[in-house]
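Here is a quick tour of a protein model, with a look at its empty space, its sheet and its aromatic rings. Keep the viewer open as you read.

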Amino acid sequence: RNLCCTRILHCKKFSAVGVAAAVQLETPTPVTLSRRRMSNTWVSYLHAVLQLCARNKASIQGKACHARAIRFGLQEDTTTSNILINVYCKSGLLSSARKVFDGMPARSLVSWNTLIGSYARNGEAHEALSLFKLMQRNGSSFSEFTISSVVCAAVAICAVFVCKQLHGFAIKAAVDSNVFVGTALADVYAKSGLVKEASRVFESMQERSVVTWSCMVVGYVQNELFEEALLLFHRAQKMEVEHDHFILSSIICGCAGVAALIEGKQVHAIISKTGFCSNIFVASSLIDMYAKCGSVEEAYTVFTNVEDKNVVSWNAMISGFAKHARALEAMISFEKMQQMGLYPNEVTYISVLSACSHMGLVDEAKSYFDLMITKHNLSPNVIHYSCMVDTLGRAGMISEAYDLIQRMPFVATASMWGSLLACCRFHGNLEIAEIAAKHLFEMEPDNAGNYILLSNIYAANKKWEEVVRARKFLKENVVKNEKGKSWIAVKDKVHKFMVGEINHPRIAEIYSKLDSLVEEVKILGYKVETEHELHDVEESRKQELLKHHSEKLALSFGLLSLPASAPIRIMKNLRICGDCHSFMKHASSSTQREIIVRDINRFHHFRKGRCSCSDFW
């Protein structure tokens, strides 16, 4: 009997017939069993075979053993039933596991935990919560594992109120300090956007695992609190917390979020040291980080060193090329990807269409849009249509862009109408501008930028009465105009600037540097373009506001703080205005520096008086 069990345990693949035969080998007859009441050795042997079935997810063989257990009256044995539940759960047969569970005359903590945990892991969150309620009604004891499993189930369905109830339950049961329970609670709060609650749970934990730190860093990044994520990662480093690929890929995203290239390179060094470079998700995050930090060349270097490239890594690279207006490289990569035997997906087409949009490649965009449907059998979503609208609008084909919005099988988004309105302003199409603005006023009634943009279109068409009406509406109604912000990283620290910044410790030096820089660029032909200032103020005040735009302050600080040979990398939360774009071009000539500005839409590389966007953005 022992020899047979050993052979089965070392066999990777085994049949139902083989298991049945093995179980029957030297099996005592029912008469003998009644006299000997089945020896402990026989039960242990059956349990060993069942555990082998669980490890190999061998449901058919597990059912054969289940039949033997029933034949010899073991269906009421708690230990046997627990192992059978585990076999069915590991095999994905949760309904069979539930039947075994429901048929048990007496259930142990293992019975409840195994089934609740399996429901949570397999996306059956409601079943997990329902079973936990049944467990409480039956007065059964629970453990930290039970609570953490149920919290994970609540995470899956974003049941914040349930999670708060479970948090209170954990405190009452004095298990909230358990590392598994605390990690699950921090994770659910972070995923639900309740970052303060997540942080409070995290800080109250006396013991934290690698998973705990990862959950908190991921939570900050997912909620776009990139600076907090970086600070927490530094804290983890000081405490010598072990790194895993989750925390590393997340902190890379954090570096990308604030364009912190120096810190990104430091994390890259840690990745190389710990051997995670071969992880495709970490490598793809690195490609994305370098591209978003303005260094597409380094992104490409990481990409070429990835041995087993998949669709995710190709998409990251094509997206990087698109953001940097490298349309030709994006299209070549698109072709190479298919030559390698990989098929482009929806994300791939978004990137390549975006590249066409940035460079005004209308024919190429139309070709890719058709190829997506005819060759790869992909249904365009609203983002693909948005890229096409943007491409047509930027190229001056306003009517065709509007017709596409009318024909597409989706309701147009605010960003789509906003893109069309901006294109109408650039190309002077008042009729469609009023249509786009009407939709935007309904969708974003509190966005002042839409009203100001329309009033500027009226002004360009000398519709002065309409200009006055729009400006009056802005004064009489409470609408929001998002303030421009810019970031620049210097010596491992991210510095933030607002329009008319006064709180920076070196603000006096910054304004002095900006004043001298303005005089220098004026000599080269720079003229203040007050039509880009959207505030309804006097001309002199407009010039002052334009002069103190956040990206100009960030540039001045960069000139004061960075080495003469280093590029100046600036990130902005809004689209760069025409005046700042002109200023950056002249400043790149005056200072002989490369200036890289990442606005909400794309990258602008300013070199020797020129921009990579060719003044098309």
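## The enclosed cavity

Helix 17 gives the largest share of the lining of the largest cavity, with 3 residues. Bear in mind that this is a predicted model. Two elements each give two or more residues to that lining, namely helix 17 (261–274) and strand 2. The full set of lining residues is Ala 260, Leu 261, Ile 262, Glu 263, Ala 489, Asp 492, Lys 493 and Val 494.

How much space lies in the largest cavity? About 40 Å³. Searching the whole structure turns up 1 cavity of 30 Å³ or more. Sorted by class, the lining of the largest cavity comes out as 5 nonpolar and 3 charged residues, with no polar ones.

## The sheet

Strand 2 also belongs to an open sheet of 6 strands, in the order 2-1-3-4-5-6 and with mixed pairing. Strand 2 (493–498) and strand 6 (610–611) sit at the edges with a single partner strand each, so one side of each has no neighbour in the sheet. Strand 1 (residues 485–490) is paired with strand 2 in the antiparallel sense, over 6 bridges. One contact to look up there is Val 490, whose bridge partner in strand 2 is Lys 493; Lys 493 is also one of the residues lining the largest cavity.

Helix 33 (residues 578–591) packs on this sheet, where it touches strand 3 (568–572), strand 4 (595–598), strand 5 (603–607) and strand 6. The direction of helix 33 makes about 35° with that of strand 5.

## The second largest pocket

Now for an open site. The second largest pocket has a volume of about 590 Å³, and 22 residues line it. Which of them lie nearest its centre? Those are Cys 152, Thr 183, Asp 187, Val 211 and Cys 215.

Four helices each supply at least two residues of this lining: helix 8 (109–121), helix 10 (144–156), helix 12 (179–191) and helix 14 (210–222). By class, the lining of the second largest pocket splits into 12 nonpolar, 6 polar and 4 charged residues.

## Aromatic pairs

The structure holds 15 aromatic pairs. Among them is the one between Phe 132 and Phe 169, an edge-to-face pair with 5.7 Å centre to centre and 85° between the planes.

What does this pair tie together? Phe 132 lies in helix 9 (residues 125–137) and Phe 169 in helix 11 (residues 160–172), so the pair links parts that are 37 residues apart in sequence.

Note on methods
Residues numbered from 1 in each chain as written. Predicted model: local features only at pLDDT ≥ 70, side-chain atom pairs only at ≥ 80, totals over all residues. Heavy atoms only, no water. 1 Å grid on protein atoms, 1.4 Å probe; cavity = no way out; pocket = protein on both sides within 12 Å on 5 of 7 lines; lining within 4 Å. Points joined across faces, edges and corners; volume = space filled by probe spheres on them. Nonpolar A, V, L, I, M, F, W, Y, C, P; charged D, E, K, R; others polar. Pairing = 2+ DSSP bridges. Contact = heavy atoms within 4.5 Å. Axes fitted to C-alpha atoms, helices over the stretch in contact; angles between N-to-C directions. Phe/Tyr/Trp six-rings, centres within 6.5 Å; stacked < 30°, edge-to-face > 60°.
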